[in-house]
Amino acid sequence: MSEFGLIEITEKDDVFTIEIGGLNGETHAGLARVFRRAHESDARVVVVTGKNKSFLAPEKYEFEWVKKLGIYNDMLKIFKEAEDIIRDQINCEKVTIAKVYAPGAHSMGASIALACDFVYASEDSTFSDPHLSGFGVPPGDGGALLWPTRIGLSRAREFLMTDRACTAKEAYEIGLINKVAPADQLDAEVDALIKKLLSYDPLGLKMTKKWLNQYLQQNMNIVGMGSLFAKGMVLASGNFAQKTEAYGKQLESEGKRKG
């Protein structure tokens with residue numbers, strides 16, 4: 001593992017690339033630091049993606065670590081990291097691009113993708129936030145903040161409260177993401193966007209991104225932090241570990257059927 005857990009970073013040609021390989025304790029802590037590293041780098045554009053042309057979904061979670069959210073002292077540490085992840089993404093003054101391959105961006109992966117300025121996805125990828133259905137908790141890692149911002153409150157309720165996954169095509173049509181492309185063309189589409197962004201005056205681009213994100217920064221202090229604390233209240237009810245274990249077994253069973 002790198003200093004950021006299961007995350008690899010590279011910086012080349014004014015682009016800072018973050019590749020996420022899964023989610024465990026070290027990686028969650030790494031996500032709470034890596035966007036600050038990107039912000040402080042000399043790069044002008046940040047690309048967030050998954051290792052081996054993927055992204056991040058619960059199938060890549062270490063569920064024994066997830067259960068620690070049910071332990072009070074561990075929960076406090078993980079919640080501070082969760083706040084830092086979304087806040088540092090929003091505050092990063094470099095333009096951020098999520099490059100999402102199948103199976104797509106789900107749960108915390110969806111929040112990381114949707115906190116980016118642009119979301120480009122392969123046509124076989126999907127998006128969902130199963131915090132409520134899978135873990136029994138409110139979408140407090142950014143879901144309640146980010147989905148309504150992109151698609152409005154009525155549609156956000158549908159996805160956050162009914163366990164519905166959104167195809168890349170539908171996500172594009174409703175404005176959740178910016179572009180959908182065949183998987184073998186996604187790299188080229190992202191490269192074209194990067195080329196366009198790098199053609200602008202650096203300070204002008206930086207200030208445009210910074211001030212557009214003031215809307216998110218304002219809502220982060222109210223909805224973002226509120227939903228995170230609401231998640232903590234549900235965790236305190238005491239049945240989180242059992243719910244998590246059941247969800248992990250469900251994903252394992254579904255994976256075996258697909259295999």
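## Cysteines

Cys166 is buried, with a relative accessible area of 0%, and in this predicted model the residue takes part in no disulfide. The nearest cysteine sulfur to that of Cys166 belongs to Cys116 and lies 17 Å away. Cys92 also counts as buried, at 1% relative accessibility, and the cysteine sulfur closest to its own is again that of Cys116, at 9.2 Å, which is too far for a bond.

A disulfide is a covalent bond between the sulfur atoms of two cysteines. Because a pair is accepted as a disulfide when its sulfur atoms are within 2.5 Å, neither the 9.2 Å between the sulfurs of Cys92 and Cys116 nor the 17 Å between those of Cys166 and Cys116 qualifies. The count for the model comes to 0 disulfides.

## Helix α11

Helix α11 runs over residues 214-235, and its 22 residues should span 32 Å at 1.5 Å a residue; the C-alpha atoms at its ends are 30 Å apart, which agrees with that expectation. The helix nevertheless has a kink of about 55 degrees, centred on Met220.

Met220 is also one of the buried residues of α11, a set that comprises Leu216, Met220, Gly224, Met225, Ser227, Leu228, Lys231, Gly232 and Leu235. An α-helix has 3.6 residues a turn, so residues three or four places apart point the same way. Members of the buried set that can be read against this spacing include Leu216, Met220, Gly224 and Leu228.

## Helix α10 and its surroundings

Helix α10 covers residues 202-212 and contains Met207, which at 30% relative accessibility counts as partly exposed. Met207 joins Leu203 and Trp211 in a nonpolar patch on the surface, and the three residues together have about 320 Å² of accessible area.

Helix α10 also carries Lys209, which counts as buried at 5% relative accessibility. The side chain of Lys209 meets that of Asp117 in a salt bridge, with an N to O distance of 2.7 Å. Asp117 lies in the loop between α4 (108-114) and β6 (118-122), so the pair ties together parts that are 92 residues apart in sequence.

## Other salt bridges

The model has a count of 16 salt bridges. One of them joins Asp187 and Lys99, whose closest N and O atoms are 2.9 Å apart. Because Asp187 lies in helix α9 and Lys99 in strand β4 (residues 95-100), this pair ties together parts that are 88 residues apart in sequence. The two partners are classed separately in accessibility, since Asp187 counts as partly exposed at 27%, whereas Lys99 counts as buried at 14%. Lys53 is linked with Lys99 and Asp187 in a network of salt bridges.

A further salt bridge is formed by the side chains of Arg164 and Glu170, at 2.9 Å from N to O, and Arg164 counts as partly exposed, with a relative accessibility of 27%.

## The loop before α9

Asp184 has its place in the loop between β9 (179-181) and α9 (186-198), and this residue is exposed, with a relative accessible area of 68%. The C-alpha atom of Asp184 is separated by 18 Å from that of Ile97, a residue 87 positions away along the chain.

## Backbone geometry in loops

Most residues other than glycine have a negative phi, and most peptide bonds are trans. Against that background, the bond joining Ala102 and Pro103 is a cis peptide bond, with omega about 10 degrees. Pro103 lies in the loop between β4 and β5 (104-106).

Two residues with positive phi can be described alongside this bond. Asn52, although not a glycine, has a positive phi of about 55 degrees; Asn52 sits in the loop between β3 (45-50) and α2 (63-66) and is exposed, with a relative accessible area of 76%. Ser107 likewise has a positive phi, near 55 degrees, and is placed in the loop between β5 and α4, but Ser107 is buried, with a relative accessible area of 1%.

Conventions: Residues are numbered from 1 along each chain as its sequence is written. This is a predicted model: local features need pLDDT of at least 70, side-chain atom pairs count only at pLDDT 80 or more; totals for chains, interfaces and linings use all residues. Side-chain values use heavy atoms; hydrogens and water are left out. Buried means under 20% relative accessible area, exposed over 50%, partly exposed in between (1.4 Å probe, protein chains only). Helices (H or I, at least four residues) and strands (E, at least two) are DSSP runs, numbered from the N terminus. The expected span of a helix is 1.5 Å times one less than its number of residues. The bend at a residue is the angle between axes fitted to the seven residues ending there and the seven starting there. Patches are made of residues with over 30% relative accessible area and no salt bridge: like charges are joined within 9 Å, nonpolar side chains (Val, Leu, Ile, Met, Phe, Trp, Tyr) within 5 Å. Accessible areas come from the Shrake-Rupley method with a 1.4 Å probe; for residues, only the protein chains shown count as cover. A salt bridge is a side-chain nitrogen of Lys or Arg within 4 Å of a carboxyl oxygen of Asp or Glu.
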